[in-house]
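Subject: The two-chain model, with notes

Hi,

Here is the structure I promised to pass on. Have a look at it first, and then read my notes alongside.

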Amino acid sequence: MPINKELLKGSTVIIILGLLKDKTMYGYELIKEIEKKSSGVFSFKEGTLYPILHSLETNEFVESYWCESDTGRKRKYYKITDKGKAQLKEKQEEWDVFKNAIDKVLLEGVL
Amino acid sequence: MSIENNLEIKTYLDEVCSYIKCKEVHEQIKLELLDHFEELLQDYLESGLTLEESINKVLQNMGDPILIGKQLNSAHKAKPEWSIIGLSFVFSLIGLLALFFIKSTEFNAYLNSAFYKSTIFSLFGVAIVFFLYFFDYRKLKKYSKAIYIFTVCILIIIHLFPHSVNGASYLHVGPLYMDFTSISPILFIIALSGIFMNWNWNDPKKFILALILSIIPIILMEYCCSTMSSCIFIAAFVVLMIASRAKVYQILSIIIGYSTILLSYVFSSHYRVKIYFAFMFTSKDPSGLGYLYIVIKKLIHSAGLWGNGPSFPTTDFVQRNGIIIHHPSLPFMHTNFIFTYIIYSFGWIVAICLVALISLFIVRMFKASERVKDDYGKLLIKGFLSILSFKFIWSILMNLGLLPIVSIGIPFISYGGSDFITNMIMIGLISSVYKLKSVNLISEQKNTLNVK
């Protein structure tokens, strides 16, 4: 079921930081991970990922470095910073509060 | 499968970049997107589509180039480091203000013109910072060796044709008089930042070469009678060594080596020992070598929290014919002792606030150097930072009577044309480096990691 774009917009940062917390990745890899982990629910327009990654870097939540693969091609990897981990924690708490509140409202509504 | 020359992909990438104002990131953005394209293309080709169809699918998947271009543009908006630039302007204003008050006590015709000259220098300085902000500092890198050799030559010329002003050897070029020797550490640092980039400290030959590169300027500066400049130079040199990842034993040997040379130079002459350590033993020669330190202590102790108001501390001397003449208690109030003047006139509260601002300035510069990715830029900022910190710390402590008096002024605040201009050049270059801080220079990266 296609997810409403508005819902997705607010959550991209937490999704990306959440995945980078465990592993350093490059853009394409990140997109595939998001699709896999969400079982296809989140399917990004790939180009929109890069402005987000670059903004995260400007805000020092992630840092990047270039790596030369065995085929000679240069690839840019992204790694979460301590500041990014703190931001992720904050966003996660925010999400938990939000999620619980909605669940409670819906539950109350049913009763 | 290399598709960089495919027309559709090229057009797409060019369109994205056309919305990104920061030209320096174009290359790396194209590289990153191209990498993504190639991976996607691989997937589609493997699933059986033709090249033509795959490329179309890939471009579709990427999304609207205009949108991506605009979003990337806002992610790469260049933000100047306002606190560093702003604080340097604030310090210059404070200097101008202090000079204004000194002038208005109408003591010395020379000081009158100093105020107007300083105003012109300040305006010139603002223009320099503005101009250098838009200058690409990376263009300097290829001139590193040339700058080093140029500075060495000028120092030799000064030594061979000395033009002494107040004991310092000045460079005389037409109508301009420049204390080139005190400017030379900065030029050397600019040169050495480029030279020490990617310097292999593991190679013993490189270490010896570095030693030679450090000794030549020191010998020349000593010949031009500026021990202070050589101390500043060595401090900055050591910082550059640390920042370019020299070995600990190499750094220690340079520090210990030069300290030994400096100390043996000072202790080799009984007279020199007396001069340099006079600040500790002012009572031994109160009317001679210890005199100025006693005056400083007296002035700052009489300041109180809010100072004596903008005034010019004078001492009365009775001449033999009975006439009383007023003498400024401290010479060089507008240069070496401007901080003492500020304490005397405006009190300790103002002085402590000023020290707090200066500390903030130094901290911000350090933080900026950490945020910069380019090694050359990092070395430049750290080198400049060490020069400015050394001057700030020594001049302030000297103005409190806690360190030997040498010919050094507080950066930006003290009056002094050539020093002020060079300080502004440093600020301008630092802003240029900071502006391009996130531009990851791909060709310069040392790819040591192998992730997979």
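Below are my notes, beginning with the contact between the chains and ending with a few single residues.

Please keep in mind that this is a predicted model.

**Where the chains meet**

Chain A brings 27 residues to the contact and chain B brings 30 residues. Together the two chains bury about 2800 Å², with carbon and sulfur atoms giving 52% of that area. On the chain A side, A:Tyr28, A:Tyr50 and A:Trp66 lose the most area to chain B, and together they make up 25% of what that side buries. Charged pairs take part as well: five salt bridges are counted between chain A and chain B, while the structure holds 19 over all chains.

One of the pairs between the chains joins B:Lys373 to A:Glu57, at 2.3 Å from N to O. B:Lys373 sits in the loop between helices H14 (338–371) and H15 (375–399) of chain B, and A:Glu57 belongs to helix H3 (residues 49–58) of chain A. Are the two partners buried or exposed? A:Glu57 counts as buried because its relative accessibility is 15%, which is under the 20% limit. B:Lys373, with a relative accessible area of 25%, is partly exposed. This pair also has further company, since A:Glu57, A:Lys76, B:Glu32 and B:Lys373 are linked in a network of salt bridges.

A:Glu60 is another residue to look at here. Its side chain meets that of B:Arg371 in a salt bridge, 2.8 Å from N to O. A:Glu60 also forms a salt bridge with A:Lys83, where the closest N and O atoms are 3.6 Å apart. A:Glu60 lies in the loop between H3 and strand E2 (62–68) of chain A and A:Lys83 in helix H4 (residues 82–110), so this pair ties together parts that are 23 residues apart in sequence. Both ends are partly exposed: A:Glu60 has 27% relative accessibility, and A:Lys83 has 44%.

**A pair along one helix**

A:Lys36 and A:Glu33 form a salt bridge in chain A, at 3.4 Å from N to O. Why can these two side chains face each other? Residues three or four places apart in an α-helix point the same way, because the helix has 3.6 residues a turn. A:Lys36 and A:Glu33 are three residues apart in helix H2 (residues 27–37), so about one helical turn separates them. A:Lys36 is exposed, at 59% relative accessible area, whereas A:Glu33 is buried, at 16%.

**A two-sided helix in chain B**

Helix H13 (residues 291–301) of chain B has the buried residues B:Tyr293, B:Val295, B:Ile296, B:Leu299 and B:Ile300. These residues cover an arc of only 160° around the axis, so they lie on the same side of H13(B). The face turned away from that buried side carries the exposed residues B:Lys298 and B:His301. As for what covers the buried residues of H13(B), the list includes helix H12 (270–276), H14 and H15 of chain B.

**A nonpolar patch on chain A**

A:Trp95, A:Phe98, A:Ile102 and A:Leu106 form a nonpolar patch on the surface, and together they have about 420 Å² of accessible area. A:Ile102, one of these four, lies in helix H4 of chain A and is partly exposed, with a relative accessible area of 38%.

**Two buried residues**

A:Thr12 is in helix H1 (residues 5–22) of chain A. With 10% relative accessibility it counts as buried. Leaving aside residues up to four places away in sequence, A:Thr12 touches A:Phe44 and A:Ile52.

B:Ala246 is in the loop between helix H10 (227–243) and helix H11 (248–267) of chain B. Even in this loop, B:Ala246 counts as buried, at 13% relative accessibility. What does B:Ala246 touch, not counting residues up to four places away in sequence? Its contacts are B:Trp201, B:Met241 and B:Ile251. The C-alpha atoms of B:Ala246 and B:Phe196 are separated by 9.7 Å, with the two residues 50 residues apart along the chain.

Happy browsing, and best wishes

Notes: Residues are numbered from 1 along each chain as its sequence is written. Chains are lettered from A and ligands numbered from 1 in the order in which they are written. This is a predicted model: local features need pLDDT of at least 70, side-chain atom pairs count only at pLDDT 80 or more; totals for chains, interfaces and linings use all residues. Side-chain values use heavy atoms; hydrogens and water are left out. Helices (H or I, at least four residues) and strands (E, at least two) are DSSP runs, numbered from the N terminus. Buried means under 20% relative accessible area, exposed over 50%, partly exposed in between (1.4 Å probe, protein chains only). Contact means heavy atoms within 4.5 Å. The arc is that of the directions from the helix axis to the C-beta atoms. Patches are made of residues with over 30% relative accessible area and no salt bridge: like charges are joined within 9 Å, nonpolar side chains (Val, Leu, Ile, Met, Phe, Trp, Tyr) within 5 Å. Accessible areas come from the Shrake-Rupley method with a 1.4 Å probe; for residues, only the protein chains shown count as cover. Buried area is the accessible area (1.4 Å probe) that two parts lose on being put together, summed over both.
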